[in-house]
Each structure stands twice: as C-alpha cells, then as structure tokens.
Amino acid sequence: MGTGTGIEGGLRRRMPLSRRTGGGGAAAGASGVSARAMRYYRLWIYTCNTALLAGALAFSGAAARTVLFDFRRSLIPSLTLYQPSFLYAYLALLTQGGALQLLGCVAALRLSEKLLNAYWLLLLVLLFGDVVLGAFWAFRFERVCQELRPALRIKFYQEYGTNGEFTEVWNRMQSDHSCCGVTGPDDYNSSVLQMQIPVSCCLKPPRNVNSTCGDAEHLHHTNGCDERLLAYLRSTASLLAILGYCVLAFLKMCFLGILRYEIREMIQKIRILRTELELPNVNGVVPGSLRAESAESERESLLVRPESAALLSSPPAQTKNPNGNNNYEMREYRSRENI
C-alpha cells in the first residue's frame, strides 16, 4: 500500500501542470480568441467615430466663421441665432462632436448589446434630422433671398441713424464691401430718410472724419449692399450644404449601412461567447472547457490507479512460453527418474 501510494504521488508530481489545469487554459485561450475576434468590429466603430468627429468639427468651424462670428449675418432680419432650426443644429453638432463617439466607444469596449443598438439608432436619428433640416432650408432659403431686399430696406429706414449698433455695422458693411445704401446711394435721399451720404460710402476716405461724401457720382459707391448680402447668403449656403450633406450626411448613410451588418454580427458573437465563457453549468464548470477537463481527468485517473502505476513502474517482464508451467514439471519429473 505504501509503495502504491508513493508511486501514485510521484505520478501526480510528474504530470504537467497544463494537463491538470486544462480547463483554465482552454478558457484563457477562448478569451484570447474572442478578444481578437472583436478587434475587427471595434476598429469599425472607432473609424466611424473618428470620421464623424472630423466632419462635425469641420462643419462647426465653417458655420462659426460664416454665420456666428460674421457681422453680415446680423444685417439679415430673418437669420436669428435662436430660431428652431438653428437650435436643432447646435444640438446635433454637440451630439456628433462627443456624445455619439462616447456612446460608440463604451459600447464597443463593454460589448453591450443595448449600447450598440442605441449607438446605431442615434446615428439613424441624426441622419433623419439632417434630411428634415435640409428639406426645410431648401424651401426656406429661396424665400429668405426673395424677402431680403424689402426686409432690409424697412430695417434700414427704421434703425439707421437711430440705432447705434445697427448704424455701426451698416457703415462697416459699406466700407468693407464697397457698397452704399440698400439698393444704392439714393436711399439716403428718399421720402423716408433724408440725410447726407456717410463717409463709409466714399470711394476714398476724406481727410476730415466729420465730413460727408459729395453728391457727385464719382465720389461714392454706386452699388447697393443688398447684392453683397445676397452673394454672402448664397456662398454661405453652398459651403454649409457641401459640408453638411456631401460630407456629414454621406458619412452617416454609409456607416449606417455598414454598421447595420457589423453590429448585428458583433451582437451574435457576443451572445455565443457569453454562452460559452460566462454562463457556468450546474457544477460550476465553464462549458467551453468541459470536454478538455473531462478528457484530462480521464487520462489522469488511468495514470494514478495502483495497478496502472505498478505496471508503469515495474520493468518489462520477459516473454514466457505459453506452456511454461508444464515444461517445468516435465523437466523436474525426468530428473527424478534419472536419480
């Protein structure tokens, strides 16, 4: 008994550690395979986030330069910064400039089905909002252009000379863009407004700051500022339409089509891996490593049996004749007869 126990212990000590811990190795290997499998889908989400972030930043920079911080925008009565379409644009840009990327990265890192579906749905909502906003401004923009001249003339007659802020901005418009009045210099000598043509309309600034331009045509600009503002509107609309639809909306549409299948496959693999690696069975054994553990335990049980240990530790016996016992008795009988 002591010898068998010693041999059994020696066999256990000589067994490789990888055989005795086959389940843990299988689970670790499966975990490594799952990490490599998910790397492809995470790369797609990170690429989408980076491209959308770059597009949102480019659109925000262009909109800030041409709309928010351009003094000409304040001269157009129908372009206020707090109208509903602009408020939605602010919210959409903030979402695409950080919130969407955060949701996508967290969903990819945590491998969460709900967060992945929420990420795709949020991208779909943003694309739908872009389509609605674009359709609204496609009709609204032409109306703004048509109403620009009469609305600008009314505002000019009411506020020029009485509203200091509007007067300063209008004079800057005339001096920077070589224009005078709404439709021309005659707006300063009309039935509604009677005043001298300001210095900002002059072709060359006079030496005396308090002086005005003469009545001669060659001394002041002849073009109206409404044409300059209309050109500003059209150039700004073209720039924002290119960045908003040819870049941002196109990227969203492409990524929605691609991520629809990528996220679906990612969710299916998440479910498979979760079933194999995370859900224990009744005995607390990981299902993915059950076969490996059972096979290794079976080999180990065969090795540590006393009879198996004795056979493995004893030297190989010499081959005997099938009739060894009978031959031995015959030789002994013949020797006795000779005696």
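# Exercises on a predicted helical model

Arg149 and Asp226 are joined by a salt bridge, with 2.5 Å between their closest N and O atoms. The two residues sit in different elements, Arg149 in helix α5 and Asp226 in helix α7, so this pair ties together parts of the chain that are 77 residues apart in sequence. The model is a predicted one, and the exercises below work through its charged pairs, its aromatic rings and one of its helices.

## Exercise 1. The surroundings of a charged pair

Task: determine whether Arg149 is buried, partly exposed or exposed, and do the same for Asp226.

Solution. The cut-offs needed here are under 20% relative accessible area for buried and over 50% for exposed, with partly exposed in between. Arg149 has a relative accessible area of 44%, and it is therefore partly exposed. Asp226, at 5% relative accessibility, counts as buried.

## Exercise 2. Other salt bridges

Task: state how many salt bridges the model holds, and examine the one that Lys252 forms.

Solution. The count comes to five salt bridges. In one of them Lys252 is paired with Asp130, and the closest N and O atoms are 2.3 Å apart. This pair links distant parts of the chain, since Lys252 belongs to helix α7 and Asp130 to helix α5, with their positions 122 residues apart in sequence. Turning to accessibility, Lys252 counts as buried because its relative accessibility is 0%, and Asp130 is buried with a relative accessible area of 12%. A further salt bridge is formed by the side chains of Asp70 and Arg72, at 2.9 Å from N to O, and both Asp70 and Arg72 are buried.

## Exercise 3. A buried acid without a salt bridge

Task: locate Asp187, and explain why the side chain of opposite charge nearest to Asp187 does not give a salt bridge.

Solution. Asp187 is placed in the loop between α6 (164–177) and α7 (225–278). Asp187 is buried, and the nearest side chain of opposite charge, that of Arg153, is 4.4 Å away. A salt bridge requires the side-chain nitrogen and the carboxyl oxygen to be within 4 Å, so the pair of Asp187 and Arg153 is not counted. A polar atom of the Asp187 side chain does, however, lie 2.7 Å from the backbone nitrogen of Thr183. When residues up to four places away in sequence are left out, Asp187 touches Arg153, Phe156, Tyr157, Gly181, Val182 and Leu193.

## Exercise 4. Aromatic rings

Task: state how many aromatic pairs are counted, and classify the pair of Tyr160 and Tyr188 from the angle between the planes.

Solution. The count comes to eight aromatic pairs. For Tyr160 and Tyr188 the ring centres are 5.6 Å apart and the planes stand at 75 degrees, an arrangement that is edge-to-face. The pair links distant parts of the chain, with Tyr160 in the loop between α5 (113–159) and α6 and Tyr188 in the loop between α6 and α7, 28 residues apart. Tyr160 is buried at a relative accessible area of 6%, and Tyr188 counts as buried at 0%. Both rings belong to one aromatic cluster, which is formed by Phe156, Tyr157, Tyr160, Phe166, Trp170 and Tyr188.

## Exercise 5. Helix α6

Task: compare the expected span of α6 with the distance between its end C-alpha atoms, and describe what is found at its two ends.

Solution. At 1.5 Å a residue, the 14 residues of α6 should span 20 Å, and this agrees with the distance of 20 Å between the end C-alpha atoms. The N-terminal end of α6 is capped by Asn163, a side-chain oxygen of which lies 3.2 Å from the backbone nitrogen of Glu165. After α6 comes Ser178, whose phi is positive, near 55 degrees. Within the helix, the residues Phe166, Thr167, Val169, Trp170, Met173 and Gln174 are buried.

## Exercise 6. A cysteine and the whole chain

Task: describe where Cys48 is found and which residues it touches, and then give the overall content of helices and strands.

Solution. Cys48 is in helix α3 (residues 22–68) and counts as buried, because its relative accessibility is 0%. Leaving out residues up to four places away in sequence, Cys48 touches Tyr119, Phe255 and Leu259. For the protein as a whole, there are 10 helices and zero strands, and 33% of its 339 residues count as buried. Among contacts between residues at least 6 apart in sequence, 71% join residues at least 24 apart.

Terms used
Residues numbered from 1 in each chain as written. Predicted model: local features only at pLDDT ≥ 70, side-chain atom pairs only at ≥ 80, totals over all residues. Heavy atoms only, no water. Helix = DSSP H or I, 4+ residues; strand = E, 2+ residues; numbered from the N terminus. Buried < 20%, exposed > 50% of the residue type's maximum accessible area, 1.4 Å probe, protein only. Lys, Arg positive; Asp, Glu negative; His and termini not counted. Polar contact = N/O pair within 3.5 Å; in protein donor to acceptor, adjacent residues only side chain to side chain. Contact = heavy atoms within 4.5 Å. Expected span 1.5 Å × (residues − 1). Phe/Tyr/Trp six-rings, centres within 6.5 Å; stacked < 30°, edge-to-face > 60°.
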